Amino acid sequence: MAIQSTVSFEELIEECNDAIATIDFADAQAWKNEGHTQALIGCFPVYTPVELFHAAGALPVGLTGAGNKIEISHADSRFQSFICSIIKSTLELAMIGNLDAFDGFVFHSICDPARNLASVFARTMNTKQVEYIHFPQRIPSYEAVVYLEAEYRRILAWACTLTGRSVTDEDLRRSIALYDAVRSAIGLLYDVRRNEPHKLSTLELYALVRYGHVAPPEKHLRILEHALEYVRARGGTPKDRARVVVVGSFCEQPPMDLIASIEQAGCYVVDDDFLLGRRFFTGGIADTGNPLYDLADAYVHGSVDSSVKHDLGHSKALSLVQRARDHRADAVVVLTAKFCEPALFDYVLYRKALQEAHMPHVFLEFEEKMWLFDKIKTELETFVESLLFS
Ligand code: SF4
């Protein structure tokens, strides 16, 4: 989409919402049919080094489950019932043919269900290529970067077999610079929301970021830059609301109506970990002359905290407390997908650290197929009242 100066911010958000609401990946298919890309690669959360695929001439497409848009009719037969929704809905999408246009899929070593999903996918989609990135499990280890560089080299070679292209260091540098620009634009939008949350709602920000899951990065960047111009010029005054940091939704995504409920209950979300893989780094990627090494080094030494990254070098719980303070938050909302073990394990540590720091918090669970939000909204309203009137 060429962005016209006459397009309003509301139309921009509507365009993003329309694109992310569909589960048939029609835009990505069209992009491929028009010859803009040689292959579509589905990327399971949380983080994927999408630069490798982009440089190889493929379009990396984020897999974020199916929300409440499909009935799980086939995937139940492959997995136990006590498992998070995104695993089943992603498999269901594959089994009903919605992922047929994809050429390959990438999964990661983030948790047992995701590991198993990779294997089930390989059997179910046996005409497609399925790969698996083993991220280092001991981040402080001396060999972690070198190991991950080799892993990225292997994955890049795989992507090149899908597209029939070879990749130079210059191609990689260009893709890294492009995605760095996307991350930087997202970071600036997050800054606006943190400093002036009345100018940009979390629902709007969420739609803008998630659009990048289904659109080429070149197009995504234009949308983000355009949105940034709008929100910076937006007026309005802040309301008397509780400033909260939301954590725990780094993989499976909460229904958008649930995100809306947090705001409607009287909160300004001033930081969150929704769609975390799209802004996984704390700064830009360095350029030391070896782009694969630089990308691996950024994962090991320059990435944000996540429940699926095992960095024993510091306390994620204490970092969360500090993050809440840095964002001048009144409280933390721990919002986790049902049955998400990495999030639930971390919650034990978060709760202790938040209590010791006298930082109020509330714990909530969600699943993709939630329809009713009144109960959760009432719970949040009561929590917000206790913050504002205590
Ligand atoms: S939501 Fe949690 S348990 Fe489910 S795939 Fe993601 S990290 Fe794993």
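Here are some exercises with worked solutions on this predicted model.

**Exercise 1. Work out the strand order of the sheet that holds β1, and find its edges.**

Start with the order: this open sheet of 4 strands runs β2-β1-β3-β4, and the pairing is parallel. Now go to the ends of that list. β2 (58–62) and β4 (129–133) each have a single partner strand, so one side of each is left without a neighbour in the sheet. As for twist, neighbouring strands here are turned by 25° against each other on average, direction ignored.

Next, zoom in on one pair. β1 and β3 (residues 104–108) pair in the parallel sense over 3 bridges, and isoleucine 41 stands opposite glycine 104 in β3. Then add the helices. α5 packs on the sheet, touching β3 and β4, and its direction makes about 155° with that of β3. Helix α2 (residues 26–33) lies across β1 and β2, running at about 180° to β2.

**Exercise 2. Do the same for the sheet that holds β5.**

The order this time is β6-β5-β7-β8, again an open sheet of 4 strands with parallel pairing. The edges are β6 (267–272) and β8 (361–366); each has a single partner strand, so one side of each lacks a neighbour in the sheet. On average, neighbouring strands are turned by 30° against each other, direction ignored.

For a pair to look at, take β5 (residues 242–247) and β6, which pair in the parallel sense over 5 bridges. Valine 245 has aspartate 271 as its bridge partner in β6. On top of this, helix α12 (residues 316–326) lies across β5, β6 and β7 (331–337), running at about 150° to β5.

**Exercise 3. Classify the packing of α6 against α11: how are they oriented to each other?**

Step one is the geometry: the axes of α6 (residues 144–163) and α11 (residues 291–301) come within 8 Å and cross at roughly 125°. Step two is the label: with that angle, the two helices are therefore oblique to each other. Step three is the hand, and the crossing is right-handed.

Finally, who touches whom? On the α6 side the contact includes Leu148, Tyr152 and Arg153, and on the α11 side it includes Leu292, Asp297 and Val300. By class, the contact has 10 nonpolar, no polar and 3 charged residues.

**Exercise 4. Describe the contact of α8 with α10.**

Helix α8 (residues 202–214) and helix α10 (residues 256–264) pack at an angle of about 145°, with their axes 9 Å apart. α8 brings Thr202, Leu203 and Tyr206, while α10 brings Met256, Ile259, Ala260 and Glu263. Sorted by class, that is 5 nonpolar, 1 polar and 1 charged residues.

**Exercise 5. Which residues come nearest to the ligand, and which helix gives the most to the shell around it?**

Of the 15 residues around the ligand, the nearest are Cys84, Cys111, Cys251, Glu252 and Cys340. Looking at helices, α4 (85–95), α5 (112–124) and α13 (341–356) each supply at least two residues of the shell. α13 gives the most, with 3 residues. The shell divides into 13 nonpolar, no polar and 2 charged residues.

**Exercise 6. Find the backbone oddities at valine 46 and arginine 328.**

Begin with what to expect: most residues other than glycine have a negative phi, and most peptide bonds are trans. The bond from proline 45 to valine 46 is cis, with omega near 15°; valine 46 sits in the loop between β1 (39–43) and α3 (50–55). Arginine 328 has a positive phi, near 50°, and is found in the loop between α12 and β7.

Methods:
Residues are numbered from 1 along each chain as its sequence is written. This is a predicted model: local features need pLDDT of at least 70, side-chain atom pairs count only at pLDDT 80 or more; totals for chains, interfaces and linings use all residues. Axes are lines fitted to C-alpha atoms, for helices over the stretch in contact, and angles run from 0 to 180 degrees between N-to-C directions. Angles under 35 degrees count as roughly parallel, over 145 as roughly antiparallel, 65 to 115 as roughly perpendicular and the rest as oblique. A crossing is left-handed if the near helix is turned anticlockwise from the far one by less than a right angle, and right-handed if clockwise. Two residues are in contact if their C-beta atoms, placed from the backbone, lie within 7 Å. Ala, Val, Leu, Ile, Met, Phe, Trp, Tyr, Cys and Pro count as nonpolar, Asp, Glu, Lys and Arg as charged, and the others, Gly among them, as polar. Two strands pair if DSSP finds at least two bridges between them. A residue is near a molecule or strand if its C-beta atom, placed from the backbone, lies within 6 Å of it.
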